[in-house]
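Biologist: I'd love a close look at a single part of this model, followed outward into its surroundings. Could you pick one and walk me through it?

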Amino acid sequence: MERRSVKGVAYFTSEGFKDSARYALNAFATRIGGVSGAPFNTLDFGAVSENGLKDRADNLLRLGFALGVEPLECALVKQVHGDTIVKFDPVDAKTPDFLKRFKAMEADAIVTATRGVAVGVLTADCLPVFLYDPVTGAVAAVHAGWRGTFLSIVKKTVAFMVKEYGARPVDLRAALGPCIGLCCYAVSGDFYEKFLTSFGNSINDFFLFSSAASGQASAQVSGNGTSYDKSKVESGSLKKGGGVAFDLQAANRAQLIEAGVQAKQIDNVHECTACNPHHFFSYRRDVTAPSSETDVAQCAAEHRETGRMLSMVMAGARVERTEP
Ligand SMILES: [Zn+2]
């Protein structure tokens, strides 16, 4: 994964989505490089107010400019934390009206194999995932929060690409974007029980248990491909009350491998949205996250809000060759 800053717009992109014949342009945008004012500063794509929509359109232009796609259009849907996957392969995909109608659909993953068409998801803590099949050129953008993860949405999206496009899981490239990390994602005992009941003990790999008495995080983080700083875990939210933390990235990575995607073809941003206020919007950090009842009241009084980051991937653009 590479972090780039082009024309003031910062984003992450997976180099794994490039091969000799094709390239799936992809970007996990940060919050840096847009025009939106606080608390949506600055590269926000979630705003719905009249002014917000204007800023959002400017932000899309800026991202497109940075990516060399002008104007950038990106199919989005109404995300509902479910497991519905929709296909966006219309002949008239490029007409704005179609995009508008498509946008009202409720779903959490979009796939397309139409060359030059971009699909995207909006997040602020949830995990954005891209899939790319270099053989057919098909791509997917997936929104995986804990509910989507519980519903195995990334596994279902792999199956969908197999069914709709004849993709082979072994060929697929995947990229996991920035999301709330194990360091900041404290969850309840009930949350853990819910996953344990459905998935069995294998789920223990994706939870970290800390002891309130000692303040020490137990060494439950295993070799699952994540690289969170353990000192951050120990000094973070878990230490305050003891408890359980969930590793959203690791759980989804495991689901991709179960679905047949090769581990070596899974790329990962390895950044926590909640830890990095300069780079990322974080719903939990900016909107919820009260640690006491006084904070709850304060949050309510402040009507706290935050922006949404856009993650987008485009089907099958040709690789630009530069002759030596
Ligand atoms: Zn964190």
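Modeller: Gladly! One definition to begin with: helices here are DSSP runs of H or I with at least four residues, strands are E runs of at least two, and both are numbered from the N terminus. On that basis the chain has ten helices and 16 strands. Please keep in mind that this is a predicted model. Of the chain's 324 residues, 46% count as buried.

The part I would pick is strand β9, residues 139-144. This strand is mostly covered, with six of its six residues buried. In a regular strand, side chains alternate between the two faces of the sheet. In β9, Val 139, Ala 141 and His 143 point one way, while Ala 140, Val 142 and Ala 144 point the other way. Residues on both sides are buried, and that includes His 143.

Now for the strands that pair with β9. Strand β8, residues 127-132, runs antiparallel to β9 and is joined to it by six bridges. One of the pairs to look for is Pro 128, whose bridge partner in β9 is His 143. β8 and β9 form a hairpin with six residues between them. In that turn, do have a look at Gly 137, which has a positive phi of about 85 degrees. Strand β6, residues 109-112, also pairs with β9 in the antiparallel sense, over four bridges. There, Ile 110 has Ala 141 as its bridge partner in β9.

From here we can follow Val 139 into the nonpolar core. The largest such core has 88 residues, and Val 119 and Val 139 touch the most other members. Domain 1 (2-180 + 249-318) and domain 2 (186-246) both contribute residues to this core, so it lies between them.

Val 119 leads us straight back to our strand. Leaving aside residues up to four places away in sequence, Val 119 touches Val 139 and Ala 141, and also Ile 110, the β6 residue that Ala 141 partners. The other contacts of Val 119 include Cys 74, Phe 88, Met 312 and Val 313.

Val 119 falls within β7 (118-123), so that sheet is the next stop. Five strands make up this open sheet, in the order β1-β2-β4-β15-β7, with antiparallel pairing. β7 and β1 (2-6) stand at the edges with a single partner strand each, so one side of each has no neighbour in the sheet. On average, neighbouring strands of this sheet are turned by 25 degrees against each other, direction ignored. Further in, β4 (residues 26-29) and β15 (residues 309-314) run antiparallel and are joined by three bridges. Across that pairing, Ala 27 stands opposite Met 312 of β15, and Met 312 is one of the residues that Val 119 touches.

The contacts we have followed cross many positions in sequence, which fits a wider count. Among the chain's contacts with a separation of 6 or more, 71% are between residues 24 or more positions apart.

If you would like a helix to set beside β9, try α8, residues 248-258. Nine of its eleven residues are buried, so α8 is largely enclosed by the rest of the structure. Among those buried residues are Gln 249, Asn 252, Arg 253 and Gln 255, along with Leu 248 and Leu 256. After α8 comes Gly 260, with a positive phi near 105 degrees.

Note on methods:
Residues numbered from 1 in each chain as written. Predicted model: local features only at pLDDT ≥ 70, side-chain atom pairs only at ≥ 80, totals over all residues. Buried ≥ 20, exposed ≤ 12 C-beta atoms within 10 Å, placed from the backbone. Pairing = 2+ DSSP bridges. Core = buried A, V, L, I, M, F, W, Y, C linked by C-beta atoms within 7 Å. Domains from an automatic or database assignment. Contact = placed C-beta atoms within 7 Å. Axes fitted to C-alpha atoms, helices over the stretch in contact; angles between N-to-C directions.
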